[in-house]
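Hi,

Here is the structure I promised to pass on. Have a look at it first, and then read on for what turned up.

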Amino acid sequence: TKAKEVVSVEIYPKSVALGSPSRFKLLALYNNNTSGDLTSGVTWESVNPDFLQTISQSATSGVFTGAKIGLAGVRAKYGTMTVVSRIDIQMPRIMSIRVTADADSFLLGSSDIPIAAIATFAGGSTYNIASSVTWILSDPSIAAVSTDGLLEATFPGEALVTAQYGT
């Protein structure tokens, strides 16, 4: 009989939901169509921390949170071997979006005021998706909101800020 040999080593899962902590695994695929978990002893690292954020003990636990929609990378170091995999960060089904700020009114000229777009997902969890929404103002001459959800008060008056995801 032929000895069991490693054919490839892969990182799983290949996709994760935005805002949901996910544990990655390093699996060896063998020539006899079996697999083995190599996760113990792996050192993990996010290649794109803006998209795939580390949380406490990520380097040893392999747990990361998708922070932005899109493609990110995760790196696993096992002994002398380094494996990098592309991870697709996807938006879970949104039930509602609530726009919040620290205050209801701002001084003229104020800028970099964080505005949050808190999505409630089908499973009940919530996450700030400010960088993934389209910001709409009832009167764009009064204020502006950047793509990352930072408000600037540009003219005296009132404006309603809403967040829209998708079409």
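Let me start with Ser132, which counts as buried because its relative accessibility is 19%, and the cut-off for buried is under 20%. Please keep in mind that this is a predicted model. Ser132 is found in the loop between strand 13 (126-128) and strand 14. Which residues does Ser132 contact, once its neighbours within four places in sequence are left aside? They are Ile69, Met91 and Tyr165.

Just past that loop you come to strand 14 (residues 134-137), which has two distinct faces. Trp135 and Leu137 make up the covered face, while Thr134 and Ile136 are on the uncovered one. Strand 14 runs antiparallel to strand 17 (residues 161-164), and four bridges join the two. Within that pairing, Ile136 stands opposite Thr162 of strand 17.

Trp135 also leads us to the nonpolar core. The largest one has 37 residues, and the members that touch the most others are Phe24, Leu26, Trp44, Leu52, Ile129 and Trp135. Several strands give two or more residues to this core, among them strand 1 (6-12), strand 4, strand 9 (70-78), strand 10 (81-90), strand 14 and strand 17. Strand 12 supplies the largest share, five residues. As general background, nonpolar side chains in soluble globular proteins tend to be buried together.

Phe24 deserves a paragraph of its own. Where in the chain is Phe24? Phe24 sits in the loop between strand 3 and strand 4. Phe24 is buried, since its relative accessible area is 0%. Apart from residues up to four places away in sequence, Phe24 touches Ile11, Tyr12, Pro13, Val16, Thr39, Trp44, Leu52, Gly62, Phe64, Val74 and Ile87. For a sense of the spacing around it, the C-alpha atoms of Phe24 and Lys14 are 8.9 Å apart, with the two positions 10 residues apart in sequence.

Now for the rings. How many aromatic pairs are there? The count comes to two. In one of them, the ring centres of Phe24 and Trp44 are 6.4 Å apart and the planes meet at 40°, so this pair is tilted. It links distant parts of the chain, as Phe24 and Trp44 (in strand 6, residues 43-46) are 20 residues apart. Trp44 is buried as well, because its relative accessibility is 4%. Through ring pairs, Phe24, Trp44 and Phe64 form a cluster.

Two lysines also caught my eye. Lys4 has its charged end over the ring of Tyr30, 4.3 Å from the ring centre. Likewise, the charged end of Lys68 sits over the ring of Phe51, and here the distance to the centre is 5.6 Å.

Finally, there is an open sheet of three strands, in the order 1-4-5 with antiparallel pairing. Strand 1 and strand 5 (35-37) are at the edges with a single partner strand each, so one side of each has no neighbour in the sheet. From one strand to the next, the twist averages 25°. Six bridges hold the antiparallel pairing of strand 1 with strand 4, and Tyr12 has Lys25 in strand 4 as its bridge partner. Tyr12 is also one of the contacts of Phe24, which brings us back to the ring cluster of Phe24, Trp44 and Phe64.

Happy browsing, and best wishes!

Technical notes: Residues are numbered from 1 along each chain as its sequence is written. This is a predicted model: local features need pLDDT of at least 70, side-chain atom pairs count only at pLDDT 80 or more; totals for chains, interfaces and linings use all residues. Side-chain values use heavy atoms; hydrogens and water are left out. Rings of Phe, Tyr and Trp (its six-membered ring) pair if their centres lie within 6.5 Å; planes under 30 degrees apart count as stacked, over 60 as edge-to-face and the rest as tilted. Buried means under 20% relative accessible area, exposed over 50%, partly exposed in between (1.4 Å probe, protein chains only). A charge sits over a ring if NZ of Lys or CZ of Arg is within 6 Å of the ring centre and within 35 degrees of the ring normal. Contact means heavy atoms within 4.5 Å. Two strands pair if DSSP finds at least two bridges between them. A nonpolar core is a set of buried Ala, Val, Leu, Ile, Met, Phe, Trp, Tyr and Cys residues joined through side-chain atoms within 4.5 Å. Axes are lines fitted to C-alpha atoms, for helices over the stretch in contact, and angles run from 0 to 180 degrees between N-to-C directions.
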